[in-house]
Amino acid sequence: MSEISSLGEFGLIRRLTEGLRAVDDSTVKAVGDDAAVLRYPADTDVLVTTDMLLEGPHFDLTYVPLKHLGYKAVAVNLSDIYSMCGTPRQITVSLGISSRFTVEHIEELYAGMRIACERYGVDIIGGDTCASRQGLVISITCLGTVPRGMAVGRDGARPTDLIYVSGDLGGAYMGLQLLEREKAVSAGQRDFTPDFAGKEYIIERQLKPEPRRDVVEALAKAGVRPTSMIDVSDGLSSELLHICHASHTGCRVYEDRIPIDYQTAVMAEELNMNLVTAALNGGEDYELLFTVPLVDREKMEHVPGVKLIGYITEADKGCALVTRDDSEMELRAQGWNPLAAPSESSEFSESSEPSAPRD
């Protein structure tokens, strides 16, 4: 293992970025100068998003492999660009590194980042490294493009619009619960083998999320332009409320239409957790939640991997979950709050009912 101090900041950067070659046409000059040089067409709008991941609040290296962490750090940024119907082009990577990490550790982290960038055709164009006293810090900024005036925000939903979501929900949260359970069981044991048999899908949902480029491409192919869109990072209920708040509308979402994978349901039963509550509030699924005009319902039949879960209403009707017995429960934002005190963290009690308020 090599000490990072033996290379220094610039030596580490050179080692991490060695062999990087720009693949996107808008990247004129990437790593190697004081700033990158980009050139976008005149009829293009530029999208910019930033996410920071901190060791402790956001990830636990006890069970998160560094390569998976690097991949996920990139993927969550790309998801933000896709959620506005854009195309990610470039990223910058800034790292805060504590003294317990070696050169090989950071190379493993960067390997995951490179894999994600190669898969989605994105260039790494720069960044920064510095010492950290609090563990590992990852900050990624992603730049993307969208045809001028065509970015889809959160504020375009209108009454009678249909609400769709891609994939399934709650899997990432249940994967996290499984990882935490096995960590607790392994405490103090040297030769411990975690039991992930039959639950590989929810583990992957937590450790290696995939941004839904395929959904954006399918919508364009079907001739559907969403009126609003957001990625499901903080939980379905939170994201629905973001759309309704920005659009000045209400909504109705049907409990029996929320897509949930079999492994997610099995894990919830094992942990005696309310399945729908976890699907509504778990977060980190990085699926796309979006609305489309009612007239596009027939076109949506040609978009695979998405499900109709509700509709947009007038604002005065509020935001509610329609349960299986046709009663209505007010939606509350109970997902991940990055600024909450530890005692306010997003844990769902065994007795929680769907969207029941937590005081």
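Q: Two strands pair if DSSP finds at least two bridges between them. What makes strand S9 and S11 a pair?
A: In this predicted model, five bridges join S9 (residues 249-254) to S11. The rule asks for at least two, so S9 and S11 count as paired. The two strands run antiparallel. One residue shows the register: Arg 252 stands opposite Tyr 311 in S11.

Q: What makes S7 and S11 a pair?
A: Five bridges link S7 and S11 in the antiparallel sense. At least two are required, so S7 and S11 pair. Tyr 311 of S11 is the bridge partner of Leu 162.

Q: How do you know that S8 and strand S10 pair, and in which sense do they run?
A: Four bridges join S8 to S10 (residues 288-292). That meets the requirement of at least two, so S8 and S10 are paired. They run antiparallel. Met 229 has Phe 290 in S10 as its bridge partner.

Q: Which strands make up the open sheet, and in what order?
A: There are seven, in the order S8-S10-S7-S11-S9-S12-S13. The pairing is mixed.

Q: Why are strand S8 and strand S13 said to stand at the edges?
A: Strand S8 (228-231) and strand S13 (328-330) each have a single partner strand, so one side of each lacks a neighbour in the sheet. On average, neighbouring strands of this sheet are turned by 25° against each other, direction ignored.

Q: What makes helix H6 a helix that packs on the sheet?
A: Contact needs heavy atoms within 4.5 Å. H6 (residues 213-222) touches strand S7 (162-166), S8, S10 and strand S11 (306-314). Its direction makes about 15° with that of S10.

Q: How many disulfides does a search of the whole structure find?
A: Zero. Cys 244 is in no disulfide, and the nearest cysteine sulfur, in Cys 319, lies 3.7 Å away. The limit is 2.5 Å, so the sulfurs of Cys 244 and Cys 319 do not qualify.

Q: Why is the sulfur of Cys 251 not counted as bonded to that of Cys 244?
A: The sulfur of Cys 244 is the closest cysteine sulfur to that of Cys 251, at 3.8 Å, which is too far for a bond. A disulfide needs the two sulfurs within 2.5 Å.

Q: Are Cys 244 and Cys 251 buried or exposed?
A: Buried means under 20% relative accessible area. Cys 244 has 2% and Cys 251 has 0%, so both count as buried.

Q: Why is Ser 132 called buried?
A: Its relative accessibility is 14%. The cut-off is under 20%, so Ser 132 counts as buried. Ser 132 lies in the loop between strand S5 (123-131) and strand S6 (137-147). Not counting residues up to four places away in sequence, Ser 132 touches Gly 96, Ile 97, Ser 98 and Val 137.

Q: What makes the approach of Ser 132 to Gln 134 a polar contact?
A: The side chain of Ser 132 reaches the backbone nitrogen of Gln 134 at 3.1 Å. The distance must be within 3.5 Å, and 3.1 Å satisfies that.

Q: Is Ser 83 buried or exposed?
A: At 6% relative accessibility, Ser 83 counts as buried. Ser 83 sits in the loop between helix H2 (66-82) and strand S4 (87-97). Its side chain reaches the backbone oxygen of Asp 80 at 2.7 Å. Leaving aside neighbours within four places in sequence, its contacts include Met 229, Ile 230 and Asp 231.

Q: How do you know that the buried residues of H8 line one face of the helix?
A: In H8 (residues 262-270), Gln 263, Thr 264, Met 267 and Ala 268 are buried. Seen down the axis of H8, the buried residues fall within an arc of 135°, so they line one face. They pack against helix H4 (171-186), helix H5 (200-207) and helix H9 (275-281). On the other side of H8, Tyr 262 and Glu 269 are exposed.

Q: Why is Ala 265 called partly exposed?
A: Its relative accessibility is 27%. Partly exposed lies between buried, under 20%, and exposed, over 50%, so Ala 265 belongs in the middle class. Ala 265 is found in helix H8. Leaving aside neighbours within four places in sequence, Ala 265 is in contact with Ile 260 and Leu 275.

Q: What makes Asp 261 a cap of H8?
A: At the N-terminal end of H8, a side-chain oxygen of Asp 261 lies 2.9 Å from the backbone nitrogen of Gln 263. Asn 272 follows H8, with a positive phi near 55°.

Notes. Residues are numbered from 1 along each chain as its sequence is written. This is a predicted model: local features need pLDDT of at least 70, side-chain atom pairs count only at pLDDT 80 or more; totals for chains, interfaces and linings use all residues. Side-chain values use heavy atoms; hydrogens and water are left out. Axes are lines fitted to C-alpha atoms, for helices over the stretch in contact, and angles run from 0 to 180 degrees between N-to-C directions. Buried means under 20% relative accessible area, exposed over 50%, partly exposed in between (1.4 Å probe, protein chains only). A polar contact is a pair of N or O atoms within 3.5 Å; within protein, one must be able to donate a hydrogen and the other to accept it, and residues adjacent in sequence count only if both atoms are side-chain atoms. The arc is that of the directions from the helix axis to the C-beta atoms.
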